[in-house]
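Colleague: I've got the file open and a few labels I'd like to pick at. Can we go through them one by one?

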Amino acid sequence: MRLNKPFIFTALMVCVVLTVAMAGCIGTTTPEEQPVEIDVYAAASLTGVMTELGNKFMEENKNIKVNFNFAGSQTLKTQILEGADADLYISANNAQFTPVVDAGLIGEKKILLKNKLAIAVPKANSKNITDLAGMAEKNVVLVIGNKDVPFGQYTRDIINKYQNDSHDGYVDAFMANVKSEVDAVDKVKPLLVLDEADASLVYKSDISKADKDDITLIELPDNYNVIADYPYGIINTTKNPEAVKAFESYMTGPVGTALLKDYGFDPVAA
């Protein structure tokens, strides 16, 4: 049977349309199902809780991969201001967060949690340190945060408050005992565990459940302590705003709030 040309052309066109349609059905996914990655820049003191939170989030959201960059807030601030490809920034204080807002990179500032400092000593506590006064005694070896990181700034605020409360000469005596200044709390803990330092001032949340086998926390009176806000915000240039907002909702929702409490933080959402 001879087929005329119009019939052949029509048949070919039908085949082409069907082939394209089938390829579309088989080889693509909807935008909602396409896997995306988000980069969360978070203060080093959040390493434990955010790692666990991120893993839980990704178990429930298979199409979103969360990459974390943990470092001192001053380092994160600098990286973001220099163009780092961040989607969400969580700082350990306002001083390292405000410049990012002022640069127009974050539109809305929110507060994730609050944190306090405490004295951390080795389990043996051979110098019998029980309060701030004990940290300024002779032959005590201290490790503290440097003045450029939040917990280092707060350490200086605390010892100045203590001196101003009728403890003349305290700051000089305290600083004379400082043998090392570091840029992250993770560098404090090994020195305490190995008995290379007798005490430090750290965030309460920095000493995890596992750390408490080797390190003891001593509470500070509120009148000397510093209650630190942890501000956060979504970077305006994020390419995956819906994924970032999904992580934010999880972080500030019931699961995130419970985890933050478990790690010793005071979540604002609570």
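Modeller: Sure. One term before we start: contact means heavy atoms within 4.5 Å. And keep in mind that this is a predicted model.

Colleague: Fine. Which residues is M135 in contact with, leaving aside its neighbours within four places in sequence?

Modeller: I119, I129, V140, L142, Y170, F174, N177, A199, S200 and L201. M135 is also one of the residues that touch the most other members of the largest nonpolar core, which has 64 residues. Strand β4 (residues 110-122) gives the most to that core, with 6 residues.

Colleague: What makes the Y162 and Y224 pair edge-to-face?

Modeller: The ring centres are 5.1 Å apart and the planes sit at 75 degrees. Centres within 6.5 Å make a pair, and planes over 60 degrees apart count as edge-to-face, so the label fits. Y162 is in helix α5 and Y224 in the loop between β8 and β9, 62 residues apart.

Colleague: And why is the pair of Y230 and F265 edge-to-face?

Modeller: Here the centres are 6.0 Å apart and the planes at 70 degrees, so that pair is edge-to-face too.

Colleague: How do you know whether F265 is buried or exposed?

Modeller: Buried means under 20% relative accessible area. F265 has 2%, so F265 is buried. Y230, at 0%, is buried as well.

Colleague: Last one: why do the buried residues of α3 line one face of the helix?

Modeller: The buried ones are S73, Q74, L76, K77 and I80. Seen down the axis, they fall within an arc of 160 degrees, so they line one face. They pack against β1, β2, β3, α4 and α5.

Terms used: Residues numbered from 1 in each chain as written. Predicted model: local features only at pLDDT ≥ 70, side-chain atom pairs only at ≥ 80, totals over all residues. Heavy atoms only, no water. Core = buried A, V, L, I, M, F, W, Y, C linked by side-chain atoms within 4.5 Å. Buried < 20%, exposed > 50% of the residue type's maximum accessible area, 1.4 Å probe, protein only. Helix = DSSP H or I, 4+ residues; strand = E, 2+ residues; numbered from the N terminus. Arc of directions from axis to C-beta. Phe/Tyr/Trp six-rings, centres within 6.5 Å; stacked < 30°, edge-to-face > 60°.
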